[in-house]
Amino acid sequence: MADHHPTGLKRWLFTTNHKDIGSMYLWFSFVMFIIGGAMAMVIRAELYQPGLQFVDPNFFNSMTTMHGLIMVFGAVMPSMVGLANWLIPMQIGAPDMALPRMNNWSFWILPFAFTLLLSSLFMDGGAPNFGWTFYAPLSTTYGPPSTDFFILGVHMMGISSIMGAINVIVTVFNMRAPGMTLMKMPLFVWTWVITAFLLIMVMPVLAGAVTMMLTDRHFGTSFFDAAGGGDPVLFQHIFWFFGHPEVYIMILPAFGVASEIIPAFARKKLFGYSSMVYATASIALLSFVVWAHHMFTVGMPVAGELFFMIATMLIAVPTGVKVFNWVATMWQGSMTFETPMLFAIAFVILFTIGGFSGVMLAMAPVDFQYHDTYFVVAHFHYVLFPGAIFGTTAAVYYWLPKWTGKMYNEKLGKLHFWLSMIFVNLTFFPMHFSGLAGMPRRIPDYNMMFADFNQLASIGAFGLGLTQILFLAILIKTIWGKAEKSSDKPWDGATGLEWEQLPCPAPYHTFDTPPKVS
Amino acid sequence: MSEQEQKLSNKSLVMRLLGVVGGMFLFGFALVPLYDVFCEITGINGKTRGQAIYQKKEIDHDRLVTISFIADVKRGMPWEFKPMENVVKVKPGELNEVRFYARNRANEDIVGQSVPSISPSEGALYLNKTECFCFDQQRLAAGEEIEMPMKFYIDADLPEDISHLTLSYQLYNVTEAFAGDSVAAK
Ligand SMILES: [Cu+2]
């Protein structure tokens, strides 16, 4: 088929091409990453020293809330969907996603959803200020008027990610090239299918929760209002039934990315392929029975605390299998350390630190000390920044030659890595200590005794933020500026259909006739 | 697979997945009654159950259980509200009566609804109320005051390790929102 397509704005508005849509998702998530990052800068500026400096407390609360919502739903999730769009069809030998029109739609909902959400910043009463977990009654009885825009925004992004997930499942089940059996699929495809199942299971529950909020706020129901016979604790159960699987939705695709990149640069086959698949599936299954580990301090009988504590700690077993396999893949490999590999190795190390603090938080008796402190903030930023975001970054460097036909500047890439590595630890490691010493999260002022830790974290955060501008510059230079042309196979250890059977850059239409899978 | 077959099989898979999505949306709402049923059977969220009927019971004269009472008003509730006795000691199996005092300090009619909660929550199943103001709403005119009775007995099966129960009432202003439906009796 000829390689021509409409140009200009219309190309992007009406495109059903998985590569175009993948690019739009990735750029969209980068824009959200910058916006959410700017909010983090406001938070860290305010926390640079004790006392109230720059913003008033209500706006500070809006910042923590919006930072969380934007990063979770606007940056991390769409970036993973972008990678899925670009890679899954090429990796399973399909010409496109199975439902290309729906694909277009699910992307174009997002800009509207986030315009709604961000517009709340300019409304009377301010943006949502109840934390990204929007516990009732903070978000129902006491929520600002803009909460309704937040509810509508969450509904829209939920619909978008459900459609994206359905698309992935149908593509993988129905569009694989002949010979591409399930157990031959690259791990990125596997982790994404499992993620997609998590998405269609829990996003509807989130939709139900915000719908109940909406009717509690305006239509006289009392799902979460004790005065009318409801129970605010019920909100937390419903929210975390969504919320815990949600954290795996954000991290599983990054597991897949690491499982592609590490073998490529260790020049060895991935150690324990099938155990990786089973480990991912068991993490996903376990994620449905651990939600109340977020609620140990809410009040639960001892039997309940024990159940959720043990179930949560059980997740460390399949996760440990994965970390073991990545390390075993590197063992005695002929490793080289190009930028994607550096990010992938840092991912393994730092994600494991986040995993360890997760095991600490899983222990009900000690959680009473850690609950709602900066220790929790340190924990989930360790699994999200050097976890999900380093994973995506590694993927971008690794597949950029495939997408653009050009090679990024290796020196700048390494600089980006080392600065990120230093600053991410400078930002989040001190939070472990301030948290253990008792500094509560989501509060604009703090006791003098936490001043040093916070100063370090703020300096780290400013550096980390600036470093990501360097990333943007590297991307612009590679895509539109002067950059070396990439060979068809820039990584000699890379495997998979997209590297073995397609040139760099991948043509606009690929695998119109299914490839031969050996 | 021909293009036609491909389309059909995509469509049927999409339908099944949409079924899962719809089912999970309903499941989210089903969690509401499930949660209530679960809490009622196990008594773990500290809610007392509805009205109990007292039949002559074996009274355990060798044991005294301490019951403390707490009464709070929520934001926007202009009533004075307090237990008339803060602490009582009771024998399991014996029917007891205590009283709560309420006065409307506003200069308009206000409807109040109290919501009970027991701590430790494991004790909730053993505190039975035969009569409670929380089974109904109260309407007080401006300045009006009342004494509200509450009759209860402690089940003789109360586990040995529980010697002290705290019963707390939160009083809500439901004049506008929920006047008419009483909730704790559910
Ligand atoms: Cu969790």
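**Exercise 1. Place the cis prolines and check their peptide bonds.**

Solution. Start with A:P137, which sits in the loop between α4 (100-119) and α5 (147-174) of chain A. Helices here are DSSP runs (H or I, at least four residues) and strands are runs of E (at least two), numbered from the N terminus. The model is predicted: local features need pLDDT of at least 70, side-chain atom pairs count only at pLDDT 80 or more, and totals for chains, interfaces and linings use all residues. Residues are numbered from 1 along each chain as its sequence is written, chains are lettered from A and ligands numbered from 1 in the order written, and side-chain values use heavy atoms, without hydrogens and water.

Next, look at the bond before the proline. A:A136 and A:P137 are joined by a cis peptide bond, with omega about 0°. Now turn to chain B. B:S119 and B:P120 are also linked by a cis peptide bond, with omega about -5°. B:P120 is in the loop between β5 (110-119) and β6 (127-131) of chain B.

**Exercise 2. Describe the backbone and burial of A:Q332 and A:F511.**

Solution. Begin with the general rule. Most residues other than glycine have a negative phi, and most peptide bonds are trans.

Take A:Q332. Its phi is positive, near 60°, and the residue is not a glycine. A:Q332 belongs to the loop between α10 (316-330) and α11 (339-362) of chain A. With a relative accessible area of 71%, A:Q332 is exposed. The cut-offs are under 20% for buried, over 50% for exposed, and partly exposed in between (1.4 Å probe, protein chains only).

Take A:F511. Phi is about 55°, again positive in a residue that is not glycine. A:F511 falls in the segment after α16 (497-500) of chain A. Its relative accessible area is 9%, so A:F511 is buried.

**Exercise 3. Which protein atoms are the donors of the copper ion?**

Solution. List the donors: A:H244 (ND1), A:H293 (NE2) and A:H294 (NE2), at 1.7 to 2.0 Å from the ion. Donors are N, O and S atoms within 2.8 Å of the metal (3.2 Å for Na, K and Ca); water is not among the atoms, so sites may look incomplete.

Read the spacing along the sequence: H-x48-H-H. Then locate two of the donors. A:H244 is in helix α7 of chain A and A:H294 is in the loop between α8 (273-286) and α9 (302-314) of chain A, so the pair ties together parts 50 residues apart in sequence. Last, check accessibility. A:H244 is buried at 7% relative accessible area, whereas A:H294 is partly exposed at 22%.

**Exercise 4. How do the axes of α6 and α7 of chain A cross?**

Solution. Helix α6 (residues 187-218) and helix α7 (residues 232-266) of chain A have axes that come within 8 Å and cross at roughly 160°. That makes α6(A) roughly antiparallel to α7(A), a label for angles over 145 degrees. The residues of this contact comprise 25 nonpolar, four polar and two charged.

**Exercise 5. Summarise chain B.**

Solution. Count the elements: chain B has one helix and nine strands. Along the sequence, their pattern is α-β-β-β-β-β-β-β-β-β. Of its 186 residues, 41% count as buried. Now split chain B: the domain assignment gives domain 1 (3-42) and domain 2 (46-178). The centres of these two domains of chain B, taken over C-alpha atoms, are 41 Å apart.

How values were computed: Axes fitted to C-alpha atoms, helices over the stretch in contact; angles between N-to-C directions. Parallel < 35°, antiparallel > 145°, perpendicular 65-115°, else oblique. Nonpolar A, V, L, I, M, F, W, Y, C, P; charged D, E, K, R; others polar. Domains from an automatic or database assignment.
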